[in-house]
Amino acid sequence: MYKYVFIITLSGVLFTACHHGTPKKKTSAAKDSKGKRYELVAVVKEPLSSSIQLPAVLEAYQKVSIYPRVNGFVKTVTVDRGSAVHKGQVLITLEAPEIIEQYFAAQSKYLQAKAVFAASKDNFQRTLAVSETPGTISAHDVEVASARMEADSAIMNSELANFRALEATRSYLTVTAPFDGVITERNVHPGALVGPGTRVEGGPMLMLEQEDRLRLVVQVPEVYSAQLSASRQVSFKVNALPGKSFAGNISRQAGSLNDRYRSEAVEVDVVNSQHLLKPGMYAEISIPVTGSVQAMVVPASAVVTSTEKKYVVAVREGQTRWIDVQEGNHHSDSTEVFGSLLPGEKVILHANDEIKEGIKIN
């Protein structure tokens, strides 16, 4: 299965409205000692639901590279690139005369051992029956007949195991489809020598992919991996099919983060009965997130971004204070922030870096 890696930064994640309603801003006015007016707004403690838009890729639900399990020459290839196949359908047949000879030799040895065991078993049963008449056969002769039967049984079982192993090896000469799907790659033709240790030019003999059901794989950044909505329903669009929208449900999550990119792989099962979608297509997926219960919500204009940090300008005890924050979800003109803020605390609505700390406001 091909691997696709998306490097996702928080600044590159887009948001779309999915919230019941942005918290209403109740503003109040205040002035500094020079008479300059400021609008103040109260901090609200409330999760800010929204939807994040992330890049994703479609992959085949099942995908397998078909290699030979035994050495042999390709006899027939019944499929080609684009062929739709069913589970159990014959794809390739191989020729290997030495395997066939070994198979029949093992079969003969098994049948011979089976006949010998049948004879020794019959001899033991007759000996045991005669021994019931006192003085006819010694107990030693009965034990010898029993030992012979057990030895012949062991030999027969050994030959049977060898015969079954070669029977399985012989079955490898017929390559069948492990599931329903489409042949997407073919690299062999009749007459080619193939085997486990033989390198086939171009890769495997065949590539089989299931296309009536696909996996939509998306890498969710760490900050949002714990905020996925309980509804699990998502929508996505494919660049190759403009104007069409598709929907699905989150089917599985990796449960751990990629150490390098700090993201969690999330998969959506997609029904593709009409085969409009193809493995390898890129998509843009919209995933609802619930927000953090510990988040404080402020207007987006209250957050000041400098070259060193992000902060809001709070008014405490009649003076301005810079409070460092980290941003979370965004919705409309509101944003989640995390920092040393309290619910109901006043912050300046339209803040900027020209508002210094310690300005007296009343």
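**Rings and strands: a short tutorial**

Tutor: Arg 213 lies over the face of Tyr 61, 4.0 Å from the ring centre. This is a predicted model, where local features need pLDDT of at least 70, side-chain atom pairs count only at pLDDT 80 or more, and totals for chains, interfaces and linings use all residues. Residues are numbered from 1 along each chain as its sequence is written, and side-chain values use heavy atoms, leaving out hydrogens and water.

Student: What makes Arg 215 sit over the ring of Tyr 61?

Tutor: A charge sits over a ring if NZ of Lys or CZ of Arg is within 6 Å of the ring centre and within 35 degrees of the ring normal. The charged end of Arg 215 is 4.3 Å from the centre of the Tyr 61 ring, so the distance rule is met.

Student: How many aromatic pairs does the whole structure hold?

Tutor: A search finds five. One of them joins Tyr 311 and Trp 322.

Student: Why is the pair of Tyr 311 and Trp 322 called stacked?

Tutor: Rings of Phe, Tyr and Trp (its six-membered ring) pair if their centres lie within 6.5 Å; planes under 30 degrees apart count as stacked, over 60 as edge-to-face and the rest as tilted. Here the centres are 4.4 Å apart and the planes differ by 20°, so the pair is stacked.

Student: Is Tyr 311 buried or exposed?

Tutor: Buried means under 20% relative accessible area, exposed over 50%, partly exposed in between (1.4 Å probe, protein chains only). Tyr 311 has 1%, so it is buried. Trp 322 has 24%, so Trp 322 is partly exposed.
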